[in-house]
Amino acid sequence: MLFANSTPLLWLSYYGLSLLVIIAVYFAFTFLPRLPRLVLTWMVAGAIWAPATFRLPLIEEGEFYTGWAPSAMVAAVGFLENNGAALRGGLMWLVLGMALGALIGVALWWWRRPGDDEYVVQEEESADESESPRRREPMIG
C-alpha cells in the first residue's frame with residue numbers, strides 16, 4: 001500500500017514537485033530559442049530525475065544502510081563527507097542523466113521542428129500580391 005511504506009510516497013511527492021520545477025525552468029528560459037530552451041530544460045530534468053545508490057554506515061560496527069536517492073543529493077553528500085566513492089557514483093549518474101536529458105531535448109526539437117511546407121517563399125508571396133494589389137472593402141447591397 002502506498003501509505004504503509006513512506007519511501008514510495010516520498011518518491012511520488014519528489015517527482016510531483018520536480019514536475020513543477022521543470023515547468024518553471026521551461027518558462028524561465030523563454031528568452032532563448034526553442035532548441036536551447038528544450039535542451040537546458042531536459043538537462044535539468046535529467047539532473048533532477050536521475051537516481052543513484054548510496055550506502056550509509058549505521059551505529060553498529062560493520063552495518064550499513066543502502067538505498068536510492070537523487071544523484072545530485074548523493075554527489076553533494078559524498079562531497080561534504082569527503083567520500084570519493086559516493087561522489088564518483090553520484091556524479092556519474094548525474095552526468096549520465098543530464099546527457100540523456102539533452103538527447104531527449106534535441107529529439108523533441110527534431111520531432112516538432114517546422115517543416116518546409118510551413119514557410120512561404122518570397123516569390124510565392126509576391127505572386128499572391130500581384131493578383132490582388134489592394135484590399136477590397138466590403139460593400140453593403
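**Exercise 1. In which helix is Ser71 found, and which residues does that helix span?**

Solution. The structure is a predicted model, and the elements can be read from it in order. Ser71 belongs to helix α3, which covers residues 71–80. To place this helix in the whole, note that the protein has five helices and two strands, and that from the N terminus on the elements run α-α-β-β-α-α-α.

**Exercise 2. Decide whether Ser71 is buried or exposed, and list what Ser71 touches.**

Solution. The first step is to look at the accessibility: the relative value for Ser71 is 0%, and because buried means under 20%, Ser71 counts as buried. The second step is to look at the surroundings, leaving aside residues up to four places away in sequence: Ser71 then touches Ala47, Ala50, Pro51, Ala52, Gly90, Trp93 and Leu94. For the protein as a whole, buried residues make up 19% of the 141 residues.

**Exercise 3. Find which residues of α3 are buried, and work out how they are arranged around the helix.**

Solution. Begin with the residues themselves: Ser71, Val74, Ala75 and Gly78 are buried in α3. Seen down the axis of α3, these buried residues fall within an arc of 95 degrees, and therefore they line one face of the helix. A general property of helices helps here: an α-helix has 3.6 residues a turn, so residues three or four places apart point the same way. As a last step, ask what lies over the buried residues of α3; the cover includes α2 (34–49), β1 (51–57), β2 (64–70) and α4.

**Exercise 4. Describe how α3 packs against α4, giving the angle, the distance and the residues in contact.**

Solution. Two packed helices are described by the angle between their axes and the distance between the axes. The axes of α3 and of α4, which spans residues 84–111, come within 7 Å and cross at roughly 150 degrees. Since angles over 145 degrees count as roughly antiparallel, α3 is roughly antiparallel to α4. The crossing of α3 and α4 is left-handed. On the side of α3, the contact is made by Ser71, Ala72, Val74, Ala75, Gly78 and Phe79, while α4 contributes Ala86, Leu87, Gly90, Leu91, Trp93 and Leu94. Sorted by class, the residues of this contact are nine nonpolar, three polar and no charged.

**Exercise 5. Carry out the description again for α2 and α4.**

Solution. The axes of α2 and α4 are 7 Å apart, and the two helices pack at an angle of about 145 degrees. Their crossing is right-handed. The contributors from α2 are Arg34, Leu35, Leu38, Val39, Trp42, Met43, Gly46 and Ala47, and among those from α4 are Leu94, Gly97, Met98, Gly101 and Ala102. The contact of α2 with α4 has 13 nonpolar, four polar and one charged residues by class.

**Exercise 6. Sort Arg37 and Ala85 into buried or exposed.**

Solution. Arg37 has its place in helix α2, and with a relative accessible area of 15% Arg37 is buried. Beyond residues up to four places away in sequence, Arg37 touches Tyr26, Phe29, Thr30 and Leu32. Ala85, by contrast, lies in helix α4, and its relative accessible area of 52% makes Ala85 exposed. Ala85 and Phe54 are 31 residues apart in sequence, and their C-alpha atoms are 9.4 Å apart in space.

Definitions and conventions. Residues are numbered from 1 along each chain as its sequence is written. This is a predicted model: local features need pLDDT of at least 70, side-chain atom pairs count only at pLDDT 80 or more; totals for chains, interfaces and linings use all residues. Side-chain values use heavy atoms; hydrogens and water are left out. Helices (H or I, at least four residues) and strands (E, at least two) are DSSP runs, numbered from the N terminus. Buried means under 20% relative accessible area, exposed over 50%, partly exposed in between (1.4 Å probe, protein chains only). Contact means heavy atoms within 4.5 Å. Axes are lines fitted to C-alpha atoms, for helices over the stretch in contact, and angles run from 0 to 180 degrees between N-to-C directions. Angles under 35 degrees count as roughly parallel, over 145 as roughly antiparallel, 65 to 115 as roughly perpendicular and the rest as oblique. A crossing is left-handed if the near helix is turned anticlockwise from the far one by less than a right angle, and right-handed if clockwise. Ala, Val, Leu, Ile, Met, Phe, Trp, Tyr, Cys and Pro count as nonpolar, Asp, Glu, Lys and Arg as charged, and the others, Gly among them, as polar. The arc is that of the directions from the helix axis to the C-beta atoms.
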